[in-house]
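User: Please take a close look at one part of this structure and tell me how it is put together.

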Amino acid sequence: MMDAKPGKVYVAVGNNLVDGLATLEWVLKKWSSHSITIVIIHATTNILNQFVYTPLGKLPASSARDESLEAFRMYEQEKINNQLSQYIAFCGKIKTRILPMEKTDEPIHEQIVELISSFRITKLVMGMTFLKSSSRKSRGSISGSFYVHRHKPDYCELFVICGGKLVSLREVNDEGLMEDDQGNTVARMREKAPFICCLGKVLFENSFDGRYSSFSSSSPTNKDSVDSHNQWENNFQELEKYFQELLSSKSDDEDCPRELNKVGPIEANMLTLHQNRANKIEDLRVKLNEAHETIELMRRKAKENVKRQEKARWALNLCSQQTEEFEARTNEEITNRMEIKKDLDRAKENIYEIISDIEESKSRLRSIIELQSELSNKLQISTIAKSSAESQLEKEVTMRVDMLRQIEELRRQRDVIHRRIEFCREKDAIGMATRITELTCSYKEYTAEEIRFATDNFAERLRLKSGNNWTNVYRARIKHTTVAIKRFDSVNSLSPELFQAKVKLLGSIRHPHLVAMMGFSSELRCIVFEYMHHGSLQDILFPSKRISPRRNRALYWQDRLRVMSQVSSGLSFLHPADRKPIFHGNLNPSNVLLDRYLVAKVHGLNPKAHAFFDESEVIKDVTDFGLLMVQLLTGRSWARPVEEIVTLGSLGLVGMLDEVAGSWPSDLAEELAGIAIKCLSVKVYSNWSIASVMRALDVVKRKADDLVSPGDHLAIVGGKQMEDPEDVPRVFLCPIFQEVMKNPHIVADGFSYELEAIQEWLRMGHNTSPMTNLSLKHKNLIPNHTLRSLILEWQNKRSTQPP
């Protein structure tokens, strides 16, 4: 069982509706200022198991048919439910619930005591009709109230209500007193009832049962009326026997006083009441005769009762139908009221919204009036300003005419500059061709002063860096040409003989895909090479985190295939069979350099020339080239043994292609992977040489050229497509970035540079010109709008040209 909360008040009410409502009214007044929960205790009766209440009176349940009995039960249960509904409705907004008591043979007052303990009831209000209305075994309402008062736990506070007023229970000399709030005695209770009362009760019950037995003879059970007659005959015989005993005791009248002294006061009173036995016997005989007449009368009434019962059933059915109709109408009325209430609430909300809209409209109207006055003032001001604006407009028109004249003059100057640019482009092309011809024919020995002047005395700012490592190569300018000067320091310096042999060997080699030597300095032991603007393949494939975004490049798969073909062409030039072969010996991405136009050239040749064909050196170069192909295909720096790569096979390499290079054609990628695997397994393929590799790559390159349109074959540099260098005027290229300028600015040396490039140059502390190495008179940067408009016009023309 659940423990009773402090806010619960248990109220025990009976079947008397008036008394129950009076009890609940007292509870509501008592705790009107407290938040409580009312629990109504109701004892459900089972009276229909013994009797049936009809308009004719109380009849035994055995005298009714099962259908009628079930109908009476439903009627009684509905009456109880209606009564409980009225109790709950009377409580109003107070939280109320019903606690029905289970049907047991235990007396009601004992059940109440057990209920208090089970629920730990702290407040119990009990109406007088609660114990009286129960059909269970009970001592009566007064004695039952005293029983509950004596046996309840101490924590339970009991309130007994009689007629809507509180009464108190008090015991004095084994006598229970029930007093009201003014101290007046309402009822008394003794431990034992007088004998005369018990006897009267017995006689009353016998007569009561007799009357109901006569009614049962007329019930629909169709019992024979002889049973009722026999019962009355038996009662009559018992009464005659009692009278005979009274007559036989007449002779003993003189012994009565003595016996009175022996018996108690109750028996003495009883005998006193019957002193005149003869008169009483005569009266009883008269009553017997009246009983016979009553029997006959009751028989006639039994037949009439049958008719009355039929009428009662009909009336009961009619009442049930009317009740159902009334309940249906009530429910319909409740539904209609709820809908009307909802409509009313909606109407109220609409009214509130309309009121708010009206208030908002009023505020808007006020603001509009204020705005109108403000606009009137502004209109006057604008009228005054209009006249001044008209005069200003005339001035602007005049200025516009002047600007149009200036624009025409600038266009004329632009055409002149454009013609000059075309002339310079042709001149540069002729000069470049002349310089290339000179380089292919001879090389020059430079003095120490020339080398120091070109490198600014080997300044650190001109020192080139590969990855994270500084090299001994310096960027320099000799006769307006950018070159790379490699210096051999004292630690790793070559002997004069080896240095001269290296110079002689490199000077005798000229190939488009080998880095060309342009000169040397014996005094400083330096070799001058052509400058490779885009650095090494190592920096492009595996850029370090510290490389600036400008140098972060990516090669498309067509360019990687072209690099493979160009490197194989350079190696095949070094491995001829008809003369002394030259082996590279250390081919890797750091020794493959890319010029301004991403043309691959091999660098770092071994100065030794072999007098005979060394197969081990050939195998090493072929294997190194195969590893270079794997790195170009996958974009990974392989540190694992070559045997593991061979184990992967061509299909394994195809599954690891570099996504940065774009979408590789699957057939071409598989062929390239097969060539790389053959190079790594050159010991197995004895007839596989660099020449064989070059021929195989040429076949793959021709297939790739058929797949790619000319407009699609563009290099990816710095995250952008690089234009074909042959179509770009050199004046549009930044001397530092070697890219088409977006925001050209003129420097004090007279050359135009990309703003980002020249700002970075000056931030590094340079005070000299990147082109002439001469000191700058000032560091002011002037935007070259003319050159910028020419670059934009050139780009627009290229974008509109058909592919």
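**A helix pair**

Analyst: Helices α17 and α18 are roughly antiparallel to each other (an angle over 145 degrees, on a scale where under 35 is roughly parallel, 65 to 115 roughly perpendicular and the rest oblique). The model is predicted, so local features need pLDDT of at least 70 and side-chain atom pairs pLDDT 80 or more, while totals for chains, interfaces and linings use all residues. Residues are numbered from 1 along each chain as its sequence is written, and side-chain values use heavy atoms, without hydrogens or water.

Helix α17 covers residues 666-680 and helix α18 residues 690-707; their axes cross at roughly 170° and come within 11 Å (axes are lines fitted to C-alpha atoms over the stretch in contact, with angles from 0 to 180 degrees between N-to-C directions). From α17, the residues in contact are Leu668, Glu671, Leu672, Ile675 and Cys679 (contact means heavy atoms within 4.5 Å). α18 contributes Val693, Ala696, Leu697, Val700, Lys703, Ala704 and Leu707. By class, this contact has 10 nonpolar residues, 2 charged residues and no polar ones (Ala, Val, Leu, Ile, Met, Phe, Trp, Tyr, Cys and Pro count as nonpolar, Asp, Glu, Lys and Arg as charged, the others as polar).

As for the setting, the chain has 20 helices and 23 strands (DSSP runs of H or I, at least four residues, and of E, at least two). Of contacts in the chain between residues at least 6 apart in sequence, 65% join residues at least 24 apart. Buried residues account for 37% of the chain's 803 residues (buried means under 20% relative accessible area with a 1.4 Å probe).

Technical notes
Buried means under 20% relative accessible area, exposed over 50%, partly exposed in between (1.4 Å probe, protein chains only).
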